[in-house]
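Colleague: Could you take me through one part of this model in detail? I'd like a close look at a single sheet, and then how it sits alongside the rest of the chain.

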Amino acid sequence: MLSTTHPVIWAADNIWQLTGTEASSADAAFMAKYGWDPSQSYFDTTDNPTTITYKGQAFTRNSANGANILAPDITSPSAVTVLGTAKLHRRQRQPGAPARRSRRPRGPASPGPSAAPT
């Protein structure tokens, strides 16, 4: 993925499969090139985006899909290009309940979506 000159779209999770072993030279090169660290990204269980805006066009997302959107750990904002924005609707928490975030651990490769150059 680091050698391509074409944009890559990755849907869903397991992006860490493309970056090499955590703390490896390939992992460091990915962070340097793309400005975010997949191994430290997490599934955000508090945000439930219902509208995504891309190139001025608003797309709706059914709120019944729930949260658990992979939130990238941005390490170098200047290296990141924002392609779309999400309008978030935070889940209501009971008073005194802590906000919860879960980080997806890096593990063995699992079947899932594949990257596709555009």
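**A close look at the sheet around Ile-52**

Modeller: Let's start from one rung of the ladder: Ile-52 has Phe-59 in β4 as its bridge partner. Keep in mind as we go that this is a predicted model.

Ile-52 itself belongs to strand β3, which covers residues 51–54. That strand is the middle one of an open, three-stranded sheet, ordered β4-β3-β6 and paired antiparallel. The edges are taken by β4 (57–60) and β6 (84–87); each has a single partner strand, so one side of each lacks a neighbour in the sheet. From one strand to the next, the twist averages 25°. As background, strands in a sheet pair through backbone hydrogen bonds, and they can do that parallel or antiparallel.

Now take the two seams in turn. On one side, β3 and β4 run antiparallel and are joined by four bridges. Besides the pairing of Ile-52 with Phe-59, you'll find Thr-53 standing opposite Ala-58 in β4. On the other side, β3 pairs with β6, again over four bridges and in the antiparallel sense. There, Thr-53 has Thr-85 as its bridge partner in β6. Thr-53 therefore has a counterpart in β4, namely Ala-58, as well as one in β6, namely Thr-85.

Back to Ile-52, and what its surroundings look like. Leaving out residues up to four places away in sequence, Ile-52 touches Gln-57, Ala-58, Phe-59, Thr-85 and Ala-86. Ala-86 is a nice one to pick out: 34 residues separate it from Ile-52 in sequence, yet the two C-alpha atoms are 4.4 Å apart in space. Even with those contacts, Ile-52 counts as partly exposed, because its relative accessibility is 30%. In general, side chains in a regular strand alternate between the two faces of the sheet.

The turn between β3 and β4 deserves a stop too. These strands make a hairpin with two residues between them, and Lys-55 there takes a positive phi near 50°. Lys-55 sits in the loop joining β3 and β4, and its positive phi stands out in a residue other than glycine. With a relative accessibility of 72%, Lys-55 counts as exposed. Ala-23 gives you another example of that backbone feature: its phi is near 70°, also a positive value in a non-glycine residue. You'll find Ala-23 in the loop between β1 (8–9) and α1 (25–34), and it counts as exposed because its relative accessibility is 70%.

That loop leads us into the helix, and from there to the aromatic residues. The structure holds two aromatic pairs. One is Phe-30 with Tyr-34, a tilted pair with 4.8 Å centre to centre and 45° between the planes. The two residues are four apart in helix α1, so about one helical turn separates them. Phe-30 is buried, at a relative accessible area of 1%, whereas Tyr-34 is partly exposed at 23%. Phe-30 also pairs with Trp-36, this time edge-to-face, with 5.5 Å centre to centre and 75° between the planes. Both Phe-30 and Trp-36 are buried. Put together, Phe-30, Tyr-34 and Trp-36 make one aromatic cluster.

Two members of that cluster, Phe-30 and Trp-36, turn up again in the largest nonpolar core, whose five residues also include Trp-10, Ile-15 and Trp-16. Ile-15 touches Trp-10, Trp-36, Pro-38 and Leu-70, again not counting residues up to four places away in sequence. As a general matter, nonpolar side chains in soluble globular proteins tend to be buried together.

Finally, zoom out to the whole chain. There are one helix and eight strands, and from the N terminus they run β-α-β-β-β-β-β-β-β. Of the 118 residues, 22% count as buried. The chain exposes about 8,000 Å², with 55% of that supplied by carbon and sulfur atoms. If you take contacts between residues at least 6 apart in sequence, 73% of them join residues at least 24 apart. The contact of Ile-52 with Ala-86 spans 34 residues in sequence.

Methods: Residues are numbered from 1 along each chain as its sequence is written. This is a predicted model: local features need pLDDT of at least 70, side-chain atom pairs count only at pLDDT 80 or more; totals for chains, interfaces and linings use all residues. Side-chain values use heavy atoms; hydrogens and water are left out. A nonpolar core is a set of buried Ala, Val, Leu, Ile, Met, Phe, Trp, Tyr and Cys residues joined through side-chain atoms within 4.5 Å. Buried means under 20% relative accessible area, exposed over 50%, partly exposed in between (1.4 Å probe, protein chains only). Contact means heavy atoms within 4.5 Å. Two strands pair if DSSP finds at least two bridges between them. Axes are lines fitted to C-alpha atoms, for helices over the stretch in contact, and angles run from 0 to 180 degrees between N-to-C directions. Accessible areas come from the Shrake-Rupley method with a 1.4 Å probe; for residues, only the protein chains shown count as cover. Rings of Phe, Tyr and Trp (its six-membered ring) pair if their centres lie within 6.5 Å; planes under 30 degrees apart count as stacked, over 60 as edge-to-face and the rest as tilted.
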